[in-house]
Structure formats: C-alpha cells, structure tokens
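Morning, everyone. Please bring up the model on your screens, and we will walk through a few of its features.

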Amino acid sequence: MATSSNYYCSLLKLCCEARNRTHAKKLHCNIIKTLTDPETFLSNNLMNTYSKLGNIEYARRVFDQLPHPNPFSWNTILSAYSKWGHLSEMQLIFDRMPSQDGVSWNSLISGYACFGSLVESVKVYKLMLKDGAVNLNRITFSTMLVLSSNQGCVDLGRQIHGQIVKFGFQSYVFVVSPLVVMYSKMGLIYEAKRVFDEMPERNVVMYNAMITGLLRSGMIEDSKRLFWGMKERDSVSWTTMITGLTQNGLGREAIEMIREMRLEGLDMDQFTFGSVLTACGGLLALEEGKQIHAYIIRTDHNNNVFVGSALVDMYCKCRSIKSAETVFVRMTSKNVVSWTAMLVGYGQNGYSEEAVRIFCNMQKNGIEPDDFTLGSVISSCANLASLEEGAQFHAHAVVSGLISFITVSNALVTLYSKCGSIGDSRRMFNDMEIRDEVSWTALVSGHAQFGEANETIDLFERMLAQGLKPDGVTFIGVLSACSRAGFVEKGHHYFESMIKDHGITPVPDHYTCMIDLLSRAGRLEEAKTFIDNMPIHPDTIGWATLLSSCRFYGNMEIGKWAAERLVELEPQNPASYVLLSSMYAAKGKWDMVAQLRRGMRDKGVRKEPGCSWIKYKNRVHIFSADDQSSPFSEQIYSELERLNCKMIEEGYVPDMRSVLHDVEESEKIKMLSHHSEKLAIAFGLIFVPAGLPIRVFKNLRVCGDCHNATKYISKITQREILVRDAARFHLFKDGTCSCGDFW
C-alpha cells in the first residue's frame, strides 16, 4: 500500500508541474479503482494537487470522503480556500478544526491579507496572539508586514516591528527583509536603514531590499555605495540597480550597468531587459536598443511576452515604428500590454488612424482593453478630430465600466474639446466623481481653444481653489485664452505667477503665448522689447505669430525684422514669405510681392496649399480652392452661388485684402468665393441633416473674408457651423463667431 501511495504521489507531482488537470483526474480514477482504502497521506496529496491546479471543488470532495482527516488534511483544505480567496469557506473550515496550529493560523491570516481584508487579518492576528505566542513564526510576521506595506498602514507596521523584537525574530532575514521594504515604501528610509544596519548578518536578499528602498527614495549615491560594497551580487541585485537608475531618470547609467552585468557573466531575465529597454526608449537610444534586441534573440528571450512588449515600446519611443511593427507581428503570444504598447506607439508617432485600427484588431483577437488602452485609443480619435468614432468608444467605456477610470474620463474630456463639442466636454467633466490636474487642464485648454477667456480663467481659479497644482500645459491654455480675448494685463499677471508662485520655468510655447498676447493687442513695440529680453530666442511659431500681427496692423518695420529672423531660423519655412507678401499686397506694392515670390521659387520654398475637409457617413471629403474634383461639384457651386446672392442682400462685402494677386476686382471676388472652407461648408449644408452642426477642418488659419462670409451663412441658414483652423475653433451661430472676431 505504501509503495502504491508513493508511486501515485510522484505522478501527482508531475501533474502539478505540467499543470494538467485531465491527467490528475485520470490518476484519481485509477486510485479509486485500485485502492479500496487509500492512505490519508495519498488523499492529502490528491487534495493538494487539485488545490494547486485551482480545482477547489474536487479538493473539497476528497476531503469530505476522508474517514479520519489528520491535521495535515485540515490544513491542506484550509490552505486551498485561503490561496484562492474563498474566505467564507476558509473561516468555516478553520472554525471546525479540532485543533489549530501555526500553519492553520498563518493560512487564515494569509487568506484575508492576500485579498485585502485588513480588518479581518488584524483580528485573526490578535486572536492568534491570544491563543499563544508558540504559534508565531517567520511567516506570520512576514505576512503582516507585507499587509502593512500594501495597505500603507505605518502604525500597524510599527506595532508588528515591536512584536518582532519582543518575540526575538529580529535576526531572521525572512522577517527583516519585508520590514526594510515596508519602511522604505512608506518613505521612512532612515528607519529602514537602521533596521538594516542592526542586522548582525546580511545576505544578498537583505542587500537587495535595502538597495530597492534607497533607489525608491532617490538616494542614488547611497544605493551605489551599498551595491558596490556587496561581497556577492546576484542577477536580482543588478536588475534592481538598473531598474532604479531608469526610474530616477539615469537611463545612460542603466545602459552602462547592463554592460557590466554581462561582463560578470550573470543571466538576465525579463525584468532586466524590460528596465534597460525602458531606459533606451527614454533616451531615444535606438542603437543601444538594437544591440540589446540582438542579445535578447541570442539568449532566447524574444518569445517572452513581457520582453516583446518592452521592445515594441522602445522602438515606438525611438520613432522606429517599422521595427516596432516587425517585433509585434513576430510575437508568438500577445497580451493587453503588447497591444497597448503598439497602439500608444502609433498615437505618439502621429499614426492615429493606425492606432484605431489596431484597437479593433485587438478586440477581434479576444483581448479585452484596460483603462489605459481605451484612454489611448480615445486620445487618437481626439487627434483625428473623429467625433463619431470617439463617441463609439465612449459607449464602450460605459458598457464595460471603464468609464469609472480617470484615464478614460480625462481622454473623453479632451476628445470632446478637441472635436469642438465643448458642451459635451463640460458635461463629461461635471459627471466625473474624481478629477485630477489632467481633468482640469483638459477643460481649461478646451475653453481656451474656443477663445472663451472668462470661462477659462474661472475654471483655472477654481482649479487652484481645489488645491490642485497646474502645470505648464495648464498655463498655455490660460495664456492663450488671455491672448485671444485681448486680456493683456491678466496675461502678464498669470505669466509672472507661473514663474514666481508655481515655480514653472517657461518653455518656448509660453513665450509664444506672450508674444501673441502683446502683438494681437497691437502692442508691437512691447512685443519686440519682450523678445529682446527673453532668455531664449523665439521658435518658428513665435516669429510667425509676431509677423502675422504685423501684417494685421500694417507695421512693416517690425514685420521685416520678424521675417528676417524667421528666414534665418527656418529658410524653407514659407510663412515669412507669405505673411510679408500679404503686407506688401495690402499696400499695393505688387513689385515687392513678385520679388518675394521669385525668392521663394529660387530657394525651392513652397507654400503649403490650403485645404478643408468635412466628414460625412464615415468618409472624409477634402476640398482645395476652386476644387472641381468632387462628384458633387455642380451642387456645391450652385449652393455657393445661391448663398452669395443672399449674403450680398444681407450686406456682405468681399474682403479683397485676402487676395495676394494683382488681378481685376471681379477675378478677386471669384477667387474668394471658391476658397476651400466655403466649398466644405456648402457640402455640409447640402448633406448634413438640419439640426446637426456642420464641422469643417482647415489646415491653415481661416482668412478674413471666409470668416466674415461664414458668419453671414450661419445667419442665413440658421445652422451652427464649427470651423477648426490651424489656430483655434470658430463656432458660427446666428451671424456671430465665438472668437469675437479676434483671432
């Protein structure tokens, strides 16, 4: 009998190692057939096998059929319920036990601790102490310390520490290591260090725990001293240092350290590769990333899903999207992290349509998105200004319950504001139970895009009142809103406050907002003085902004200065030539216009052709000036003629300043009437059902004549027309524009 039991036990062990439930059941059948009265020892092993394979129901059946369960039998079924989180059954078994030992108490504590029940865990621990300190062991204290650490209960952790000392367990590495981890996770690094220093003997596990704590607290030099002072370092020690250096922004040192680790001849695992690939991605170190990729292939880690996902992420961050695609396609198994890495990579590299496509493929492959995946694909829809698809993902978020995650809600607030649905954006924001800095910044930026300065400033002040800390992006929204509304003094105030009160160092975008603020208001000399006093030179957008305002106010002197600086900075940028040409054209200096055009031709500078587009029935319809390519051209031009007659009756006068050609007035009027946005608006009026807004997008800034004409069209047709140009949103309604004619 004993020989048969040992034989079956060895086979059951093989079933566990192979994770094979079917073979375990077949063995169970054989046991029933061949052994009329199996030994308790064999039944206990059978129970343990079913527990390890996750078949709790069968484990319980074996237990219930035992005529005389021994203490090991009770502890085995108790441990099974504890491990798999069947807490009520676990408690019932514990209460039924004829006697409890240290294993029983630890299983009960572990079950409650692993599934987050802090109160019950502490209650059981107190009962265990009351039952007698004889049951306490290293596992008890380790479990309670891990619980304290995970739940952030420093007071409980300190009490457990006191009892560790009281009962003489302070010299056990198995106990002290989680104690060091607990203190360091709570930010009490010096207490962790004191515990570490008081240990008479320290093994590599202790050192690794202490190094992790130091790195988590940003004490880089201390961690290095401890690491290099170790008599023995294992793969975990090296990986801990590489990970910590990466997380502390020292990616270059992390890459150097992996080279030294290779020289030591130590094996690397998925965590080592994951950390160093993150470092390569953060540094845009493509060549080093490729070298590590080659080493991954040589060491046969390329089929590891964790490593594959890290490779995809690294290549995407290094803007090598083709390499990322190759790795992704060759991955033998993919999880939600792999798909998300590829999706985010597409979005960050400007391939938003591909990001949406891969999300759909992920769902077809049966992978359920998490909050980060869904938030990322919604962000891609926002970048595409694809309201329809974004709204579908909103519905998915509601149905799946992922709407409760702030990542998803923030992405939706951004989506609606970027698509011009500021009302929906605000409603989404108001529906959020929890809002963070990103939530407020998304709505602040949305209102700023509409030029709604008062709403933007009100939101910003409410954000500050909530005790939230704005970042540089928040201030870009506030400053741009002040600029578009002409709030010069308020803009100055917020710029100074950003630096002095919030400790934010201005970046080129902030300086561009200030240049825009002053120059839009006609204070061009002040703008020039501001530029002269800047610690950095304006970027392309900054100079183009000043030049645009010079064109508007007809200031040729500062305009030429800005144009010259812009040409120096970007010789191939057409903005300086185009804006200067319009200034000369406005003054009738056609010879200078011709000279500038010759200069553009000689230098190979080409003006980006203007185009507008509108989405209808999942298809994007693109128009350029005088476009005849649409199958609906006849209807579109007929609609424009009809609108033009009604506009003239209402008092519309074409703005000839928008035409930069020395031609007859009748020809100028014809050129103006066929601008791309007008063609797109006419298309929308024909096909978009009444009651729905017409949404038009344009790659350049809308010209003065089109802006004026669209106001008349909105009044005549009683339609809402939303135009998103290169600078901002314009919501035309009842003959007015949300920008207040200031753009």
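**Charges, a pocket and a cavity**

Let's begin with charged side chains: the count comes to 29 salt bridges. Keep in mind that this is a predicted model.

Take one of those pairs. Asp222 and Arg225 join their side chains in a salt bridge, at 3.2 Å from N to O. Why look at their positions in helix α14? Asp222 and Arg225 sit three residues apart in that helix, which spans residues 220–228, so about one helical turn separates them.

Now to the surface. Which residues gather in a patch of positive charge there? They are Lys13, Arg19, Arg21, Lys25, Lys52 and Lys83. Find Arg19 on your screen. Arg19 lies in the loop between α1 (2–18) and α2 (21–34).

Next, a pocket. The second largest one has a volume of about 640 Å³. It is lined by 26 residues. Closest to its centre are Ala385, Ser386, Glu388, Lys615 and Tyr616. Which elements give two or more residues to this lining? There are helices: α22 (352–364), α23 (371–384) and α24 (387–400). There are strands as well: β1 (611–616), β2 (619–624) and β3 (694–698). The largest share of the lining comes from β1, with five residues.

Last stop: cavities. How many are there of 30 Å³ or more? The count is two. The largest cavity holds about 130 Å³ of space. Its lining has 14 residues. Leu640, Asn644, Met647, Ser673 and Lys678 are the closest to its centre. Three helices each give two or more residues to this lining: α37 (633–650), α38 (665–673) and α40 (704–717). Which of them gives the most? That is α37, with six residues.

To recap the two linings: β1 has the largest share in the second largest pocket, and α37 gives the most in the largest cavity. Thanks, everyone.

Conventions. Residues numbered from 1 in each chain as written. Predicted model: local features only at pLDDT ≥ 70, side-chain atom pairs only at ≥ 80, totals over all residues. Heavy atoms only, no water. Patch = residues over 30% accessible without salt bridge, like charges linked within 9 Å, V, L, I, M, F, W, Y side chains within 5 Å. Areas by Shrake-Rupley, 256 points an atom, 1.4 Å probe, with all protein chains shown as cover. Salt bridge = Lys/Arg side-chain N within 4 Å of Asp/Glu carboxyl O. Lys, Arg positive; Asp, Glu negative; His and termini not counted. Charge placed at Lys NZ, Arg CZ, Asp CG, Glu CD. Helix = DSSP H or I, 4+ residues; strand = E, 2+ residues; numbered from the N terminus. 1 Å grid on protein atoms, 1.4 Å probe; cavity = no way out; pocket = protein on both sides within 12 Å on 5 of 7 lines; lining within 4 Å. Points joined across faces, edges and corners; volume = space filled by probe spheres on them.
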